Amino acid sequence: MITELRAQNFKSWKDTGALRFAPLTGFFGANSSGKSSILQVLLMLKQTVERPSDWNEPLYFGDENALIDLSGFNHVIHDHKRDSRLGISFTWTPRKNRSEISKDLASAFSFSTLIDEADEQLSVADFCYTANERSWRLGRTTKDRKFKFSTFQASTGQSTGSVDATPFRCYSVVAPDEDLRSFLVYKEEFEDIFSRIRYLGPVREHPRHQYQWEGDHPDGIGQYGEKAISALLSGRIQLLSIEKQILEWLQRLGLIHSYRLQPDFDKKGRYDVRVTRHKDGPEVRLTDVGFGVSQVLPVLILCHYAPENSILILEQPDAHLHPDAQSELADMLIDVVKNRNLQIIFESHSERLLQRLTRRIAEKQFSADDAALHTCQMKGGASEIEQLKADEPSDSAPKPKAEPKRRKAKKP
């Protein structure tokens, strides 16, 4: 689980400061206040890790086929000042039972890196790992701009040895010296944390008349939710029993009464998603109900399909939902975090979603230690952030008691 993140000179952020992350971490605020940029720091690192092994730039800013397309250093460095350094640091707790590696694991790892540009060439100026009272640091010398890879005793800062090294991307070195083989534990833990991230973007694909499934078992549901129905069908084979949970939440959100996946017997591998809006109502296709159903369905599926220990990054999970449904969605996020061993990191504009979360914390139904809720705003051309305290909501946060009560429909 990611427990802290800091970004310096990234897009609208001069410095985020050390941001606390928790099992449920949310960022709220107006448009262009910097919410999505915080998520993009993690996504940028993820797509850097997942590039082919022969790719060796410090960071992969993406293209039209990547998770995010940030264009280049000039577009992400704060105020477009290319002489500034981009700084990223974060702390995380590793998975348990990581085979042979787990014997030497610490309870937490920290990583930081500085990226700069010299002679129009992007370069790692520095990176550092710390765990188990030990630090590994790659630093660029001032004199000849070569790199030294050193180990330190974290408590004293004293060096225990150094060798010449060549950086690999922003987080490792090329073929470390035999004496530095234990460093690979840190590198593998770094790569493992990003392998567990699943991302769902702010705009999900439009509903289709039919969905094709070839019997595959997708790792996720795609950044547009394009694999959501495949994941739902895959769950039947894997005996995940998630369809009942999905239906229960669709009902609680007040969106539909029931649904079923209808195979097209004339077209192998083709399925219709049939929906009933009300009890005893007619069955219709997913394309014939409100757009909100198709937009929230991938959110529900991902939250119940992703394997335990996953980190879910969700943009606008409440998009196209009625305010009452946004409140119920908050309860779904809490339920998943409490019962599925997932970390959820999301951004939203929804006051009703924030309102429900703070209310549940105030009611002691969800631990304040398991939530990190932040509000972002733009001031003087730079983003600023405030972490909300559940027992003392800020003036910018809705008060728990302000949530309107839902009216019960009168019986005819």
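Me: Is Lys-148 buried, partly exposed or exposed, and at what relative accessibility?
Reply: In this predicted model, the class of a residue follows from its relative accessible area, with buried meaning under 20% and exposed over 50%. The value for Lys-148 falls in between, so Lys-148 counts as partly exposed, at 36%.

Me: Which residue forms a salt bridge with Lys-148?
Reply: The closest N and O atoms of the pair are 2.7 Å apart, and a salt bridge requires such atoms within 4 Å. Lys-148 belongs to strand β9 (residues 147-153), and its partner, 16 residues apart, belongs to strand β10 (residues 159-164). The partner counts as exposed, at 57% relative accessibility. The residue is Asp-164.

Me: How many residues apart in sequence are the parts that Arg-95 and Asp-192 tie together?
Reply: The side chains of Arg-95 and Asp-192 meet in a salt bridge, with an N to O distance of 2.4 Å. Arg-95 lies in the loop between β5 (86-92) and β6 (109-118), whereas Asp-192 lies in helix α3 (residues 184-195), so the parts tied together are apart in sequence by 97 residues.

Me: Which residue of the pair Arg-95 and Asp-192 is buried?
Reply: Arg-95 has a relative accessibility of 27% and therefore counts as partly exposed. Its partner has a relative accessible area of 6%, and buried means under 20%. The buried residue is Asp-192.

Me: What is the N to O distance in the salt bridge of Arg-274 and Asp-272?
Reply: Arg-274 is partly exposed, with a relative accessible area of 23%. Asp-272 is buried, with a relative accessible area of 6%. Their side chains meet in a salt bridge with an N to O distance of 3.2 Å.

Me: How many salt bridges does a search of the whole structure find?
Reply: Some salt bridges share partners, and these join Arg-252, Glu-328, Asp-331, Arg-356, Arg-359, Arg-360 and Glu-363 into one network. For the whole structure, the search finds 25.

Me: Why does Arg-204 have no salt bridge, and how far away is the nearest side chain of opposite charge?
Reply: Arg-204 is found in the loop between β13 (197-200) and β14 (211-212), and Arg-204 is buried. A salt bridge needs a side-chain nitrogen within 4 Å of a carboxyl oxygen, so a greater separation does not qualify. The nearest side chain of opposite charge is that of Asp-318, at a distance of 7.3 Å.

Me: Which residue offers the backbone oxygen that the side chain of Arg-204 reaches at 3.1 Å?
Reply: The side chain of Arg-204 also reaches the backbone oxygen of Pro-202, at 3.4 Å. Beyond its neighbours within four places in sequence, the contacts of Arg-204 include Tyr-224, Gln-295 and Pro-317. The backbone oxygen reached at 3.1 Å belongs to Glu-315.

Me: How many residues of strand β18 are buried?
Reply: Ile-311, Ile-313 and Glu-315 point one way from β18, while Leu-312 and Leu-314 point the other way. Residues on both of these sides are buried. For the strand (residues 311-315), the count of buried residues is 5 of 5.

Me: Which residue in β19 does Ile-313 stand opposite?
Reply: β18 pairs in the parallel sense with β13 over 4 bridges, and there Tyr-199 stands opposite Ile-313. β18 also pairs in the parallel sense with strand β19 (residues 343-348), over 5 bridges. In β19, the residue opposite Ile-313 is Ile-345.

Me: Through which helix does the chain cross from β18 to β19?
Reply: The two strands pair in the parallel sense. The β-α-β crossover between them is right-handed, and the chain passes through helix α7 (residues 323-340).

Note on methods. Residues are numbered from 1 along each chain as its sequence is written. This is a predicted model: local features need pLDDT of at least 70, side-chain atom pairs count only at pLDDT 80 or more; totals for chains, interfaces and linings use all residues. Side-chain values use heavy atoms; hydrogens and water are left out. Buried means under 20% relative accessible area, exposed over 50%, partly exposed in between (1.4 Å probe, protein chains only). Lys and Arg count as positive and Asp and Glu as negative; His and the chain ends are not counted. A polar contact is a pair of N or O atoms within 3.5 Å; within protein, one must be able to donate a hydrogen and the other to accept it, and residues adjacent in sequence count only if both atoms are side-chain atoms. Contact means heavy atoms within 4.5 Å. Two strands pair if DSSP finds at least two bridges between them. A crossover is right-handed if, with the strands pointing away from the viewer, the path from the first strand over the helix to the second runs clockwise.
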